[in-house]
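Trainee: I should like to work through this structure by question and answer. May we begin with the terms and then proceed to the strands and the cysteines?

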Amino acid sequence: MFTLAEVASLSDIQPTYRILKPWWDVFMDYLAVVMLMVAIFAGTMQLTKDQVVCLPVLQSTVNSRVQPDTAGKADFTTVETTTGQEEASMRTVSFAPTVTPDILLSRATSSQYQPTESDQELKKEQKDSSGRKTNLDFQQYVFINQMCYHLALPWYSKYFPYLVLIHTIILIVSSNFWFKYPKTCSKIEHFVSILGKCFESPWTTKALSETACEDSEENKQRLTGAQSLPKYVSTSSDEGSPSASTPMITKSGFKFSADKPMIEIPSVTILDKKDGEQAKALFEKVRKFRAHVEDSDLIYKLYVGQTVIKTVKFIFILCYTANFVNTISFEHICNPKVEHLIGYTQFECTHNMAYMLKKLLISYISLICVYGFICLYTLFWLFRIPLKEYSFEKVREESSFSDIPDVKNDFAFLLHMVDQYDQLYSKRFGVFLSEVSENKLRGISLNHEWTYEKLRQHVSRNAQDKQELHLFMLSGVPDAVFDLTDLDVLKLELIPEAKITAKISQMTNLQELHLYHCPAKVEQTAFSFLRDHLRCLHVKFTDVAEIPAWVYLLKTLRELYLIGNLNSENNKMIGLESLRELRHLKILHVKSNLTKIPPNITDVAPHLTKLVIHNDGTKLVVLNSLKKMTNVAELELQNCELERIPHAIFSLSNLQELDLKSNSIRTIEEIISFQHLKRLTCLKLWHNKIVSIPSSITHIKNLESLYLSNNKLETLPAAVFSLQKLRCLDVSYNSIAVIPVEIGLLQNLQHFHITGNKVDILPKQLFKCVKLRTLSLGQNCITSIPDKVSQLLQLTYLELKGNCLDRLPATLGQCQLLRKSGLVVEDHLFDTLPSEVKEVLNQDTGIPFANGI
């Protein structure tokens, strides 16, 4: 046998799951335990005491021949037998009046009892015996009792305890199956684990308590005493919602009471680093768990299914059990059909457990009825309200977490089940669904980690000798950043929850701000400061909607750099807001994939002095808007797949510098039209496919810089050398074989680059350009350097690497400004110089290196 404790363990589940057991499930579990006890008790009684006792029913012919003188007498023959292993005892058997002498024995017993024929012997036998003889032996009684137990006793009387046990086990399994099914138990385990951690997290207590303090202060409640404060903190979440005058907190963050003395709630205002890390991990777990559970309603369907099964089971048990209540009786008639063995055809039997089984069956039916009514109530609860939706509206009303989202599917169902246990669980759990709460936690943790001293260590000086701070992939902007009052440049990259507070007004030196994938939110006071002080803004984005709206209101902004996609389907109208408020904007840099110049740029066209458009290879087709930019002095159209110089450019009368780098320009015959651009001094046509330079280039009289590197030029026409003001000429990486002697006409030439060509001889006229400071002759076929290189007294940079030289002229030492750092040659060539020349070149004069490109 097994103990009751072992049986009760069948219905036992993990204690942590108790929060998902509503009162009806708990009550049904107890009813199942009671039904188990009924089954065990009935089974035990049946195994130890269940039996039937049968006696033969004498034939009517026997009774009719009873002697008159003995009819009123009754003799009793007592038979006490013990079955040993089969039965415990035999009841006392009483017989009818004395059997008449003419009773005939059956054929089965004729061999044992031979009747006498003479009446004398019968009369003698009557005198010797007392009571009625049945001529049944002990083994025959045992045999008949066993046969009649199986033949005459109703099957329900024999198997009732086992049926109760089986039904109860099925009900127990149905009640707890959703805790064990593989596809649901993992979700339930994670949910219970996360829920418990969220309930006990110090961050939950801190957030709810500070919200309660906020509401208390705003509603001017009288809870100020030391004794009443703990009570208020612990029960504030169950009180009514704040009044209509209470300011609602926006999604950008909720506000903590600034002037509330911290000593009033010392246990909840301090959150150490370890607790903060645990809370951040909980936020991440809740986010992933929600995404995992909300995509299906398997738990809900399984719970509904098992409830329906229990209800059907209850109806089935009740229907068939009620029919068998009356079949359990004490007396039964048995016809074993073994007359050839016993001599009798009918027996009357008694079932000693009938009364007890009937009482137990009635008790079981009562329990099943109660169980069934609870199942019906459960079904009513399941379908009364939509359990696949859960709203935190009440929590939102009672706290400042107005952004707690409603949940659905299995997540909603689990929260509904938890509410049946204690609504405080879901209320505290809602804190970890709030982005406001998460952002506040991140802010606290961020400020713990990024102190003023740590930020100061990350400040560096950029190429413009400005103090710069670059923050990358943080959860927010640390408050200590705004204490760096001497900072010039602030870069914020991949900080989705960046918030610029009013403390930025302390940074009086800040003039440049970078927002890379960082849609920063700005407080009103901070915006006022940025509007009046910010001069340069860089914004990098994926979609134009990421550009903060306040960017278009910075009236004093002078430089705006936009890097991102401006030509997607979502931005058919080039979704830039109107730029007309940027009245002081001078430089606009757009790095995108434009097919036309955005119309909104024309809002600031009259003010722009520099426009830069860097495409990613998308062909820029429409350029008519350029005509409105009359004040543009610098124009860059890079990587725009231009095949010719756009005619709209020739209308820019104030244009001084034009850069058409990395396009597909093959011919520049339109260059003659540049004669109308009187102020044009710099023309950059590098990284194109230009084959020749037209002679009409001579009409650009004021040209000072000409960049034609990385093209397909084979010759340099004499017309190029008629540009007397030319100071920089770059024809590197072409196929030029000869440097024309006309180069000597460029007396103002300071930078000449012809690296990566096929030049083999340097004309002596080249060294008449005495103002040369940079001379790049690398990667050519030059075999010797003339001694006249000494005439270049202002030379600071000379590149000769990659040629066919075997020595360097000793006259290099006469180039007074040339140093070894500005001499780019192979090491073995440098060693061919005389030692005194080496010493001159190795001197450090402190003159900065000038390249010119």
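Mentor: Let us begin with a term: a cavity is a set of points on a 1 Å grid where a 1.4 Å probe fits but cannot get out. Please keep in mind that this is a predicted model.

Trainee: By this rule, how many cavities of 30 Å³ or more are there?

Mentor: A set of points counts as a cavity when the probe fits there but cannot get out. With the limit set at 30 Å³ or more, the count is 2 cavities.

Trainee: What volume does the second largest cavity have, and which residues line it?

Mentor: The volume of the second largest cavity is about 30 Å³. Its lining includes C518, a buried residue with a relative accessible area of 3%. The full lining consists of L515, H517, C518, P519, V539, K540, F541, E546 and P548.

Trainee: L515 is among those lining residues. Which residue stands opposite L515 of β10?

Mentor: Strand β10 covers residues 512-516 and runs parallel to β8, with 5 bridges joining the two. Within this pairing, the residue opposite L515 is L492.

Trainee: Is strand β8 largely enclosed or open to the outside?

Mentor: Strand β8 spans residues 489-493, and 5 of its 5 residues are buried. V489, K491 and E493 point one way from the strand, while L490 and L492 point the other way, and all are buried. Buried here means under 20% relative accessible area. Because every one of the 5 residues is buried, β8 is largely enclosed by the rest of the structure.

Trainee: In which sense do β7 and β8 pair, and which residue stands opposite E493?

Mentor: Strand β7 (residues 467-472) is joined to β8 over 5 bridges, in the parallel sense. Opposite E493 of β8 stands F472.

Trainee: Let us turn to the open sheet of 3 strands. What is its strand order?

Mentor: The edge strands, each pairing on one side only, are β1 (52-56) and β2 (331-334). Strand β3 is joined to β1 by 5 bridges and to β2 by 4 bridges, and the pairing is antiparallel. Neighbouring strands of this sheet are turned by 25° against each other on average, direction ignored. The order is β1-β3-β2.

Trainee: Which residues of β3 stand opposite L55 and C334?

Mentor: Strand β3 comprises residues 347-351 and runs antiparallel to β2. The bridge partner of L55 is E348. The residue opposite C334 is F347.

Trainee: Why is β1 described as largely enclosed by the rest of the structure?

Mentor: Strand β1 is an edge strand, yet its enclosure is judged by the burial of its residues. The reason is that the number of buried residues is 4 of the 5.

Trainee: How many disulfides does the distance rule give, and what is their pairing in sequence order?

Mentor: A disulfide is a covalent bond between the sulfur atoms of two cysteines. The sulfur atoms are 1.9 Å apart for C54 and C349 and 2.1 Å apart for C148 and C334; the cut-off is within 2.5 Å. The count is therefore 2 disulfides, with the pairing 1-4, 2-3.

Trainee: What is the handedness of the disulfide of C54 and C349?

Mentor: Both C54 and C349 are buried. The torsion about their S-S bond is about 110°, so this disulfide is right-handed.

Trainee: What is the handedness of the link of C148 and C334, and how many residues apart are they?

Mentor: The value about the S-S bond is -90°, and the link of C148 and C334 is left-handed. The pair links distant parts of the chain, with C148 in helix α5 (residues 138-151) and C334 in strand β2; they are 186 residues apart.

Trainee: Which residues does UniProt list for "transmembrane region", and how far apart are the end C-alpha atoms over residues 361-383?

Mentor: The unreviewed UniProt entry lists residues 27-47, 159-179 and 361-383. Over residues 159-179 the chain is 100% helix, with end C-alpha atoms 31 Å apart. Over residues 361-383 the chain is also 100% helix, and the end C-alpha atoms are apart by 33 Å.

Note on methods
Residues numbered from 1 in each chain as written. Predicted model: local features only at pLDDT ≥ 70, side-chain atom pairs only at ≥ 80, totals over all residues. Heavy atoms only, no water. Pairing = 2+ DSSP bridges. Axes fitted to C-alpha atoms, helices over the stretch in contact; angles between N-to-C directions. UniProt positions renumbered as here; feature names shortened; annotations may be inferred. Buried < 20%, exposed > 50% of the residue type's maximum accessible area, 1.4 Å probe, protein only. 1 Å grid on protein atoms, 1.4 Å probe; cavity = no way out; pocket = protein on both sides within 12 Å on 5 of 7 lines; lining within 4 Å. Points joined across faces, edges and corners; volume = space filled by probe spheres on them.
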